Amino acid sequence: MNSKRQSWFKRLFAVRGMGQVVTVGVGLIVMCVVFGIINPTFFSGKNVANLLRQIAPILLIGIGQSYVLITGNIDLSIGSVVGMSCMISATMMTKGLNPWTAVLLTLMCCLIVGAVNGLLVAKCKLPPFIATLGTMTIARGVAQIVNNNYNTDAIGDGAKGFRDFFYYGKVAGVYNTVIIAIVLWLVFNFLLSKTRTGRHIYAIGSNIEASKLSGVNIVATTTKAYLVSSVSSCVVGLVICATSGMGTMDAGNAYEMYAVAASVIGGVSTLGGQGILIGTVIGASIWGVLQNGLQFAGAPVAIRNIVIGAIVVISVLIDVIVRSGKFGKKNKVENQVLDQEALS
Amino acid sequence: MQEDIVRMQKIVKTFPGVKALDDVSFYLKSGEVMALLGENGAGKSTLVKILSGVYPKDGGTIEVFGSEIREMTTQKARELGIAIIHQELNMCQHLTVAENIFLGRERTRGLVLSEKEMNKEAAGILRRLNIDLDPEEPVGNLAVSKQQMVEIAKALSMNARILIMDEPTSALTSKEINDLFTIIKKLKKESCGIVYISHRLEELKHIIDRVTIMRDGRFITSMNFDQKRMEEIISHMVGREIKQKFPRVSCRKGERILEIRNLNAGRMVRGINLELYEGEIVGIAGLMGAGRTETTRAIFGADPKETGQIFLDGKEVTIHNVEDSIKAGIVLAPEDRKKDGLCTKLSIRDNIALPNLDVLCGKLGIVSRKKERKMTDETVDSLKIKLANAEVDAGSLSGGNQQKVVVGKWLARNSRVVIFDEPTRGIDVAAKVEIYNLMNELKKKGIGVLFVSSEMPEVLGISDRIIIMCDGKITGEMAATEATQDQILKFATQFDRKIS
């Protein structure tokens with residue numbers, strides 16, 4: 001039974017997390033239907049467009065966190081990098097800098113954070129929790145100090161093109177933010193599923209020792225994952241800057257946990273080696289729909305936080321229970337019994 | 001005339017505090033299988049890890065195919081055609097067979113992985129090696145023995161000219177071992193040089209040409225292999241003569257200590273009934289997957305059971321968890337010493353004290369250091385555990401001494417039944433004897449000894465009575481004096497249900 005080729009349908013539901021993706025996909029549809037029944041304006045063109053625009057940033061940070069989680073690590077600095085990106089770009093623009101130059105410089109700063117995370121974790125062998133907790137604090141500090149501990153002024157009319165590009169503009173009825181998210185998703189999904197780097201990302205999350213012994217460059221691979229994370233955080237920070245037209249120091253607060261939630265709901269395992277980005281799309285969508293729906297229903301922010309926090313805990317709990325049993329001893333021994341056939 | 005393809009001379013390697021290799025020399029010819037023998041801690045793994053580039057050497061020279069290699073890395077080793085199959089499985093569980101085989105050297109067309117090609121190639125590799133596996137199966141779904149075959153396929157797919165195998169058969173079934181030996185013989189004909197490390201000395205005669213023996217980080221001798229000179233080989237490994245591999249002690253059989261009635265725990269433990277008397281050692285034989293470990297864990301309370309009564313010295317005891325079992329006096333030395341038997345990062349003293357804290361603590365729950373030290377010293381003395389001091393990490397001890405600590409912590413609380421699961425796995429010849437002596441001491445003291453082992457000679461040599469399990473049931477029982485390997489195997493393969 002090991003050598004028989006399985007039908008495409010069965011293989012679709014193989015290890016790589018498709019089962020969970022389909023399950024939560026169904027959950028998403030149900031959720032939308034429920035919210036639609038409660039308030040039919042949920043399905044209006046305006047709300048859908050807004051909803052997608054709300055989901056886009058969550059998807060972006062979800063992608064970044066998914067990359068890092070699949071390598072078996074975690075990135076707690078996501079929220080702070082979002083804030084840092086927002087503040088740096090806004091500050092530069094208020095000081096008269098061309099918005100696109102500001103974007104470039106902001107990107108470089110965020111890449112530095114990603115590189116530092118990668119080196120701390122892979123080269124200096126710091127536990128990822130501690131390393132990214134450190135960069136999280138530092139990045140937030142940078143966000144605060146960049147404009148002398150004040151939120152910035154409005155970024156001015158010269159930045160209209162910037163604001164349209166990242167937030168207000170539309171193409172064929174779809175907001176730019178959504179298009180940016182889709183494009184980046186396509187790029188990062190391709191990288192993860194079709195390239196050598198992507199394969200190595202799964203490998204080190206699955207078994208870092210085996211990867212090392214097979215010649216996989218652990219430092220490079222880990223750093224690439226953290227760079228993807230900081231790039232997506234950067235983009236989200238720019239989106240927030242474009243949205244509000246200014247820089248706010250606590251932009252992105254707690255975003256890293258939302259990113260974990262989106263990833264884990266979508267089937268990425270906090271234990272590493274598992275998960276696909278299509279799942280993160282569903283996870284981010286569930287998140288967005290939940291936020292949107294609760295907002296529509298008039299729930300206060302506190303309730304939203306509680307609901308969201310509970311969902312994070314439950315998803316990770318399910319993740320750990322299901323995953324650690326999957327390739328654990330129990331299954332192996334059962335397989336050995338099947339193995340005895342060879343002898344009898 | 002076969003030439004040397006590997007010449008390692010005067011290799012030195014030091015780890016903090018330990019000189020792992022002291023002027024070791026090693027030669028390998030093309031087309032030969034060289035067994036690298038030695039006790040645990042002799043330096044065999046260290047030596048081959050230096051050859052394969054995993055560790056850098058501190059001194060000495062390495063020549064491969066005639067040219068000196070100044071700095072060996074895993075990359076360079078691979079380029080030279082050196083492949084190593086490690087003792088511990090190094091598979092990425094989430095990746096498929098093909099993905100594992102090509103890990104680190106994936107085929108790409110530009111940026112994109114050529115998945116179809118790699119799957120096809122992997123299928124070809126597996127077929128050539130007579131391994132029946134789907135290359136697109138996630139490795140985590142495979143049995144341990146199959147995973148080891150994937151490991152072997154991976155090494156061989158890299159067109160190795162020099163193949164290092166570190167305990168390759170430890171997880172394999174006998175059919176797979178035969179398949180492996182067939183492959184090795186084929187590689188010999190292709191002028192591959194093979195370094196074979198194994199504690200299973202009985203296997204050597206099938207494939208070994210020469211042996212190199214190490215002891216305490218030093219090169220002792222190298223000679224052509226001859227089954228008749230086995231005792232000489234062992235004495236070189238150990239540095240002294242092992243008079244008797246299996247010291248058997250006969251005791252008068254006394255009262256019944258333990259009775260298990262109708263134990264059922266999942267599909268691996270079905271209707272187990274067994275008895276254990278004073279003055280006897282009972283060995284449980286069987287193939288991998290027979291349910292022996294599961295049975296010991298069910299008795300010990302480590303796994304939940306559906307039915308089953310346990311009687312200790314005639315009185316029924318209720319065991320719902322490990323705590324109950326320990327209090328009752330039934331203890332277990334588990335199969336995976338390092339993972340389940342010890343806290344490797346804690347000191348030896350901490351490990352010995354751990355299950356005995358109720359005895360060592362005063363009224364306020366404060367541990368009495370004095371009592372702790374006394375218990376540790378007594379345990380170390382009576383079991384003759386070799387250590388510098390009791391504060392070192394338990395993980396730093398040799399396999400045999402680790403096992404003694406595992407058992408020692410139970411003996412400190414006067415246990416009634418000690419269950420051993422694979423007591424001498426990964427332990428060298430001399431330390432094995434010490435463990436057997438320990439089991440005999442327990443037997444003499446009237447403590448019940450039950451042990452599970454996959455090494456047939458061990459089961460035949462040490463047990464007084466042998467129980468054989470197959471597919472979750474007990475299929476046979478016999479006195480050791482009447483048992484033969486063939487008989488045991490017959491019962492061990494007596495399946496009563498076809499796997500659907």
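Two residues are in contact if their C-beta atoms, placed from the backbone, lie within 7 Å. Keep that rule at hand for the exercises below.

This is a predicted model, in which local features need pLDDT of at least 70 and side-chain atom pairs count only at pLDDT 80 or more, while totals for chains, interfaces and linings use all residues. Residues are numbered from 1 along each chain as its sequence is written, and chains are lettered from A and ligands numbered from 1 in the order in which they are written.

**Exercise 1. A residue in chain A**

Find out where A:Leu191 sits and which residues it is in contact with, leaving aside its neighbours within four places in sequence.

Solution. Start with the element: A:Leu191 belongs to helix H8 (residues 176–194) of chain A. Helices (H or I, at least four residues) and strands (E, at least two) are DSSP runs, numbered from the N terminus. Next, apply the contact rule: with neighbours within four places set aside, A:Leu191 is in contact with A:Thr197 and A:Gly198. Now for its surroundings. A residue is buried if 20 or more other C-beta atoms lie within 10 Å of its own, exposed if 12 or fewer, and partly exposed in between, with C-beta atoms placed from the backbone. A:Leu191 has 18 other C-beta atoms within 10 Å, so it is partly exposed. Finally, take a distance: from A:Leu191 to A:Arg163 there are 28 residues in sequence and 29 Å in space, C-alpha to C-alpha.

**Exercise 2. Confidence and overall form of chain B**

Judge how confident the predictor is in chain B, and check its radius of gyration against that of a compact globule.

Solution. Confidence comes as pLDDT, which the predictor gives for each residue from 0 to 100. Chain B has a mean of 87, and 97% of its residues reach 70 or more. Within the chain, helix H7 (residues 230–238) of chain B is lowest at a mean of 81, and helix H3 (residues 97–101) of chain B is highest at 95. For the complex, the predictor gives an ipTM of 0.82 and a pTM of 0.77.

Now the form. The radius of gyration is taken over C-alpha atoms, and the globule rule is 2.2 Å times the number of residues to the power 0.38. For 500 residues a compact globule would come near 23 Å, and the 24 Å of chain B agrees with this. Its C-alpha atoms fill a box of roughly 70 × 55 × 50 Å along the principal axes. In chain B, 47% of the 500 residues count as buried.

**Exercise 3. Two sheets in chain B**

Work out the strand order and pairing of the 6-strand sheet and of the 4-strand sheet.

Solution. Two strands pair if DSSP finds at least two bridges between them. The open sheet of 6 strands runs E18-E19-E20-E15-E21-E22 (chain B), with mixed pairing. Its edges are strand E18 (330–333) and strand E22 (473–479) of chain B, each pairing on one side only. Inside this sheet, strand E19 (residues 417–421) and strand E20 (residues 448–452) of chain B are parallel over 5 bridges, and B:Val418 faces B:Val449 in E20(B).

The open sheet of 4 strands has the order E2-E1-E4-E5 (chain B) and antiparallel pairing. Strand E2 (18–29) and strand E5 (67–68) of chain B form the edges. Strand E1 (residues 4–15) of chain B is joined to E2(B) by 8 bridges, and B:Lys13 has B:Leu21 as its bridge partner in E2(B).

**Exercise 4. Residues with positive phi**

Where do B:Lys10 and B:Ser191 lie, and what are their phi values?

Solution. Begin with the background: most residues other than glycine have a negative phi. B:Lys10 has a positive phi, near 50°, and lies in strand E1 of chain B. B:Ser191 has a positive phi of about 70° and sits in the loop between helix H6 (174–189) and strand E10 (193–197) of chain B. Last, count neighbours: B:Lys10 is partly exposed, with 14 other C-beta atoms within 10 Å. B:Ser191 is partly exposed too, with 14 other C-beta atoms within 10 Å.
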